[in-house]
Structure formats: C-alpha cells, structure tokens
Amino acid sequence: MSYTILTDKNISATEYSSLMESIGWGSDYSEELVQRSLAAYPFIAHARSESGVLWGYVSAFSDRAFSTMLGELVVHPMAQRKGIGHALLSAVENEFTGIPVYVKPLGEAKHFFLACGYRAPIIEMQVLFKRNGAAS
C-alpha cells in the first residue's frame, strides 16, 4: 500500500469523521469542531493513499522545551500494519527532536508504542478527565 505523509491541515470534517468512525470513535464531527481542533494543534500530520483517501492522522502539542503530548494517533483499520502509524509517529518525533514525547495509549495501543521504543514510567500514570462546564 502506497501512501504519503503530509503535515498540512487540509482535512475536511467528512473525512475526519469517516476515519474516526472506522475505529469506533463516533462519526458526528462538525466542520466547525474539526477546524477548531486542527487550528489548536501546533502539529498535525496525516497519511493519504495515492487516490487521496485519509488513511491516518496524528496531532501533537509541545512546549518545544520539556514535553510533547500526542493528541490522537489514528490509522484506518484497512491501512493498519502497513507502517502508517509508525510514519506518523516519526513525523511527530522529527518535528520535536530531543523533546520527550508523551502518549496516553488506549487499550492495545500500548503494544504499538512499546514496539516503537516508548517505555512505561517506573510509577504508572493514570489519565483523569473532566468535561469542564459541559452538561452531563
């Protein structure tokens, strides 16, 4: 499978929704919310097939000094195990060379990151969240 890694933010809500739906993360992403998310992340990379289909997506925040936090790393199930996830992760690592990259892997994704050279801290971290001001 041939693909290209791009670092622009030319991603529509329709294709973003389709990619997220393919991995079970919902499908109702409005153009406004997708564009707001894309604008907020200082770094975005995505993978496209030769025909332009969105096969993968990664986002990251960094202070460019002490830490880089991965937002999402998503690869369409039909494109998994083809090197796309590793290529997207490498794009983040290359953008923020020398700055630690932190990830919050969900479920089995931990195995992917371990295979890419990431390691768990001596003291396990937990992720806590709160929808600030949102109705329940």
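**Exercise 1. Which residue in E4 is the bridge partner of Ala60?**

Solution. This is a predicted model, in which local features need pLDDT of at least 70, side-chain atom pairs count only at pLDDT 80 or more, and totals for chains, interfaces and linings use all residues. Residues are numbered from 1 along each chain as its sequence is written, and side-chain values use heavy atoms, with hydrogens and water left out.

Step 1. Locate the elements: helices (H or I, at least four residues) and strands (E, at least two) are DSSP runs, numbered from the N terminus. Strand E3 covers residues 54–62, and strand E4 covers 68–75.

Step 2. Examine the pairing (two strands pair if DSSP finds at least two bridges between them). E3 and E4 run antiparallel and are joined by 6 bridges.

Step 3. Read off the partner: Ala60 is bridged to Leu70 in E4.

Step 4. Inspect the connection. The hairpin of E3 and E4 has 5 residues between the strands, and Arg64 takes a positive phi near 60 degrees there.

**Exercise 2. Determine how E4 is linked to E5, and state the handedness of the unit they form with H3.**

Solution. Step 1. E4 and E5 run parallel, with 2 bridges between them. Thr68 has Val101 in E5 as its bridge partner.

Step 2. E4, H3 and E5 make a β-α-β unit that is right-handed; that is, with the strands pointing away from the viewer, the path from the first strand over the helix to the second runs clockwise.

**Exercise 3. Describe the largest pocket and the second largest pocket by volume, lining and residue class.**

Solution. Step 1. Fix the terms. On a 1 Å grid over the protein atoms alone, a pocket is an open set of points where a 1.4 Å probe fits, with protein on both sides within 12 Å along at least five of seven lines; lining residues have an atom within 4 Å of a point. Grid points are joined across faces, edges and corners, and a volume is the space filled by probe spheres set on the points.

Step 2. The largest pocket holds about 1,400 Å³. Its lining has 35 residues, and Trp25, Gly71, Glu72, Leu73 and Leu106 lie nearest its centre. E4 supplies the largest share of this lining, 7 residues.

Step 3. The second largest pocket holds about 640 Å³. Among its 21 lining residues, Val103, Arg119, Ala120, Pro121 and Met125 lie nearest the centre. Here the largest share, 3 residues, comes from H4.

Step 4. Sort by class (Ala, Val, Leu, Ile, Met, Phe, Trp, Tyr, Cys and Pro are nonpolar; Asp, Glu, Lys and Arg are charged; the others, Gly among them, are polar). The lining of the largest pocket has 22 nonpolar, 6 polar and 7 charged residues. For the second largest pocket, the classes are 14 nonpolar, 3 polar and 4 charged.
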